[in-house]
Amino acid sequence: MEKLIYKKASVADMELLVQMRIEVLRAANGLSENEDMTLVEQQSRDYYEKALGSGMHAAWLVFDGKKCIGTGGVSFFRVMPTFHNPTGWKAYIMNMYTDPEYRRKGIAEHTLKLLIDEAKSRGISHISLEATDMGRPLYESHGFVKMEDEMILPEKGERHI
C-alpha cells in the first residue's frame, strides 16, 4: 500500500464526490447496483456545487495512489441561537466511508479528525452525526454520545438509525 493521501475536495472533484456518495448510500442502505440512483446523483451534484462553492460543506477524499478508498464530509448550518449555542452554528458529519479492503487501518479515524478540526477551526462546537452500528465505536472513541432529546418525523417507510 502506497502512502495514503488525504485531499480536501473542491468543486473540481465533483464527479468523484458524487460517485463516492452513491457508493456510501448503496453500502449503508444495502442497495444493489440495479437500484436507480439518477435523482440522488443529480441532487448530489447540485448540493456539492452550491455547498462547496459557498463553504457550507467540506469534504475529504482519501487516496491510495490513484484509487479513492475513503471519504467523509461535514455540512455547516445555522439555527436560532440558544443558551448553549449562542451563535446557532452547527456541523453535521456525514458520508463517512472506507473501502472494505482498507478498513481497520485508522483511515476513518484520521478522516473524522480532519472533519472535527474543520468544524472547530470555524468556531463550531456543536457537531453531530448519525452512526451505523459499525461506525458507532469510532465516534464514541472521539467523545460522541447518543442524543436523547432529538426526534424526527419520518416519511412513510423511511428508516432512521
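**View 1. A patch of negative charge lies on the surface of this predicted model.** Four acidic residues, Glu130, Glu148, Asp149 and Glu150, gather in this surface patch. One of them, Asp149, belongs to the segment that follows α4 (136–141). Asp149 has a relative accessible area of 74%, so the residue counts as exposed, the cut-off being over 50%.

**View 2. Thr98 is shown with its contacts in strand β4 and beyond.** The strand that holds Thr98, β4, covers residues 89–98. Leaving aside residues up to four places away in sequence, Thr98 touches Ile69, Gly70, Arg103, Ile107 and Ala108. Is Thr98 buried or exposed? With a relative accessible area of 9%, Thr98 is buried, because that class takes in values under 20%.

**View 3. A salt bridge joins Glu118 to Lys8.** The closest N and O atoms of this pair are 3.0 Å apart. Glu118 is part of helix α3 (residues 107–121), whereas Lys8 is part of strand β1 (residues 4–8), so the salt bridge ties together parts that lie 110 residues apart in sequence. The two partners are covered as follows: Glu118 is buried, at a relative accessible area of 12%, and Lys8 is partly exposed, at 40%. In total, nine salt bridges are counted in the model.

**View 4. Lys50 and Asp46 form a salt bridge within helix α2.** Their side chains meet at 3.0 Å, N to O. Helix α2 spans residues 38–54, and the two partners are four residues apart in it, about one turn of the helix. How exposed is each partner? Lys50 is exposed, with a relative accessible area of 55%, while Asp46 is partly exposed, with a value of 32%.

**View 5. Asp117 and Lys113 form a salt bridge within helix α3.** The N to O distance between these side chains is 2.9 Å. Both residues lie in helix α3, with a spacing of four residues, about one turn of the helix. Asp117 counts as partly exposed, at 36% relative accessibility. Lys113 also counts as partly exposed, at 43% relative accessibility. Elsewhere, salt bridges with shared partners join Lys8, Glu118 and Arg122 into one network.

**View 6. Asn95 has a positive phi in strand β4.** The phi angle of Asn95 is near 65°, a positive value in a residue other than glycine. Most residues other than glycine have a negative phi. Asn95 is found in strand β4 and is buried, with a relative accessible area of 9%.

**View 7. Arg104 has a positive phi in the loop between β4 and α3.** Where does Arg104 lie? The residue is placed in the loop that runs between β4 and α3. Its phi is near 65°, again a positive value in a residue other than glycine. Arg104 is exposed, with a relative accessible area of 75%.

Definitions and conventions. Residues are numbered from 1 along each chain as its sequence is written. This is a predicted model: local features need pLDDT of at least 70, side-chain atom pairs count only at pLDDT 80 or more; totals for chains, interfaces and linings use all residues. Side-chain values use heavy atoms; hydrogens and water are left out. Patches are made of residues with over 30% relative accessible area and no salt bridge: like charges are joined within 9 Å, nonpolar side chains (Val, Leu, Ile, Met, Phe, Trp, Tyr) within 5 Å. Accessible areas come from the Shrake-Rupley method with a 1.4 Å probe; for residues, only the protein chains shown count as cover. Lys and Arg count as positive and Asp and Glu as negative; His and the chain ends are not counted. The place of a charge is taken as NZ of Lys, CZ of Arg, CG of Asp or CD of Glu. Helices (H or I, at least four residues) and strands (E, at least two) are DSSP runs, numbered from the N terminus. Buried means under 20% relative accessible area, exposed over 50%, partly exposed in between (1.4 Å probe, protein chains only). Contact means heavy atoms within 4.5 Å.
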